[in-house]
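Reader: Hello! I have just opened this model and would like a close look at one part of it, with the surroundings filled in afterwards. Please explain the terms as you go.

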Amino acid sequence: MLKLARGIGIAAALLVSSSAIAQEVEVMHWWTSPGEAAAVNVMKEQLEKKGIKWVDAPIAGGGGQAAMTALRARVVAGDPPTAAMVLGYDIKDWAELNLLGDISDAARQDGWDANYPDAYKFFGEYNGKWVATPFDVHSTNWLWLNKAAFDGLGVAEPTDWDSFIAMLQAAKDKGLIPLAHGGQSWQDAVLLGNVTIATGGIEFYRKAILQQDKQALGSETMRKVLERVLQLKDFMDSNAPGRDWNLATAMVIKGEALTQTMGDWAKGEFVAAGKKAGDDYMCLRFPGTQGVVSFVADSFVVFNVSKADKAAQIEFVRTLMSPEFQEPWSVLKGAVPANLKANDALLDACGKKAFAEYKEAAASGNLVGAIQLFSAPAAIRSAVEDVVSRLLSGDLNVDGALAGVVASADAAQ
Ligand code: GAL
């Protein structure tokens, strides 16, 4: 946070509009994979129908690290986009710098307070004002499986750790890559989050990952989590390091690999490839995490730019938060609508299941921020990501990684 504040410095106070033309939005995002790009078109088309020109500002790089670097540079230069995709705790960082437009009027007009669960409001509001649009529900605790490859194994659907490992082993015995993985730190962290919930349960996840409780982080349960993460490395291929998430998904789509554990943006890739849920691929909750939804909410913030752009910004955020947008968007993006009033009619079997589970989890308290961006402020998150990546690369052993996750709790200070 401090680093961001220093980097932006005085330029922040001097923000000027990037464009004086009314009724257009320049939107910065990181949606460049085939599935993501198809979904962006829905956003673009809905706005253009309302007379708002879409100026596309994509910055490639799953997980958004490159986009966040680009965004900081734009803001420092006094040239922010009209809107930018910013997720989770990063929203709070920008809000704290007083750079974000207040969209509370739109929220009041359209009843966001009633239509979104508390876990979502937490990431949409700052100091009692709406400053972001957490508009969809992605969740990270999924397994995506190639159905033909799975059927060929003759095993039951995995529901716990042992049956999961047995399935991976059966694939390995057949000469199939069991687990398609992209060895980038944010993807490694997705693995860690899922294994943490599967191993310690939701209360342990809350303590260790959301609250950074040192006792939980240094516990035997956490050791087991790290051992299990390392165990999964035996089922990855040697080209995993550095691989983009959507290329790992493509391996499952083509049947080169059995499964991938990844947020349901992976489903967008299956859809873009013309594959059908249930026929060509399967969606299972990551074994041991049934009933939990570890969410990632795609969100945009708008910057304090000129008055001329304000009207377009408001139309933009109202569109994002409406069921009419979220329903078709979700089909292509692999997400489900975050608006509790939305309808699931357009969704496929995986989507219907995900939407029902989201609503149940929101009511029961089992809706928790995913380790990717929604678990903790940036400094803590990147310390944890670094530890798990070093564990998977062989740079740290389990003891070293355990000490590393305990130390990560201090990263915020
Ligand atoms: C997430 C984002 C998703 C998807 C994914 C991979 O952070 O919420 O929408 O784009 O990254 O790029």
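How many of the five residues of strand β10 (residues 281–285) are buried, and what does that say about the strand's place in the structure?

Author: Happy to help! Before we begin, note that this is a predicted model, in which local features need pLDDT of at least 70 and side-chain atom pairs count only at pLDDT 80 or more, while totals for chains, interfaces and linings use all residues. Residues are numbered from 1 along each chain as its sequence is written, and side-chain values use heavy atoms, with hydrogens and water left out.

Now to your strand. Five of the five residues of β10 are buried, so the strand is largely enclosed by the rest of the structure. "Buried" means under 20% relative accessible area, "exposed" means over 50%, and "partly exposed" is in between, using a 1.4 Å probe and protein chains only. Helices (H or I, at least four residues) and strands (E, at least two) are DSSP runs, numbered from the N terminus. Tyr281, Cys283 and Arg285 point one way from β10, Met282 and Leu284 point the other way, and all are buried.

The strand also has a partner. Strand β7 (residues 142–146) is joined to β10 by five bridges, and the two run antiparallel; strands count as paired if DSSP finds at least two bridges between them. One bridge sets Trp142 against Arg285 in β10. In general, strands of a sheet pair through backbone hydrogen bonds, either parallel or antiparallel.

From β7 we can step to Thr259, which lies in strand β9 (residues 257–261). Thr259 counts as buried because its relative accessibility is 0%. Leaving out residues up to four places away in sequence, Thr259 touches Leu143, Trp144, Leu145, Met167, Leu168, Pro178, Leu179, Ala180 and Val252, where contact means heavy atoms within 4.5 Å. The side chain of Thr259 also reaches the backbone oxygen of Trp144 at 2.7 Å. That is a polar contact: a pair of N or O atoms within 3.5 Å where, within protein, one must be able to donate a hydrogen and the other to accept it, and residues adjacent in sequence count only if both atoms are side-chain atoms. Asp151 is 108 residues from Thr259 along the chain, and their C-alpha atoms are separated by 12 Å.

Leu179, one of the contacts of Thr259, is also in contact with Asp237. Asp237 lies in the loop between α12 (220–233) and α13 (245–254), and it counts as buried because its relative accessibility is 15%. Its side chain makes a polar contact of 2.6 Å with that of Arg243.

Further along the chain comes helix α14 (residues 265–272), which is mostly covered, with six of its eight residues buried. Those are Trp265, Ala266, Lys267, Gly268, Glu269 and Phe270. Just after α14, Gly274 takes a positive phi of about 75°.

Positive phi values also turn up outside glycine. Most residues other than glycine have a negative phi. Asn127, in the loop between β4 (125–126) and β5 (129–130), has a positive phi of about 50° and is exposed, with a relative accessible area of 69%. Leu373, in the loop between β14 (367–369) and α18 (378–393), has a positive phi near 75° but counts as buried at 7% relative accessibility.

Let's also visit an open sheet. Its four strands follow the order β2-β1-β3-β12, with mixed pairing. β2 (53–58) and β12 (300–302) stand at the edges with a single partner strand each, so one side of each has no neighbour in the sheet. Six bridges join β1 (residues 24–29) to β2 in parallel, and Met28 stands opposite Ala57 in β2.

Finally, the ligand. Of the 14 residues around it, Trp31, Glu36, Asp298, Lys333 and Gln372 come nearest; a residue is near if one of its heavy atoms lies within 4 Å. An oxygen atom of the ligand is 2.5 Å from an N or O atom in the side chain of Asp298, and an oxygen atom of the ligand is 3.1 Å from one in the side chain of Gln372. Taken alone the ligand exposes 300 Å², and the protein buries 100% of that; these accessible areas come from the Shrake-Rupley method with a 1.4 Å probe, and for residues only the protein chains shown count as cover.
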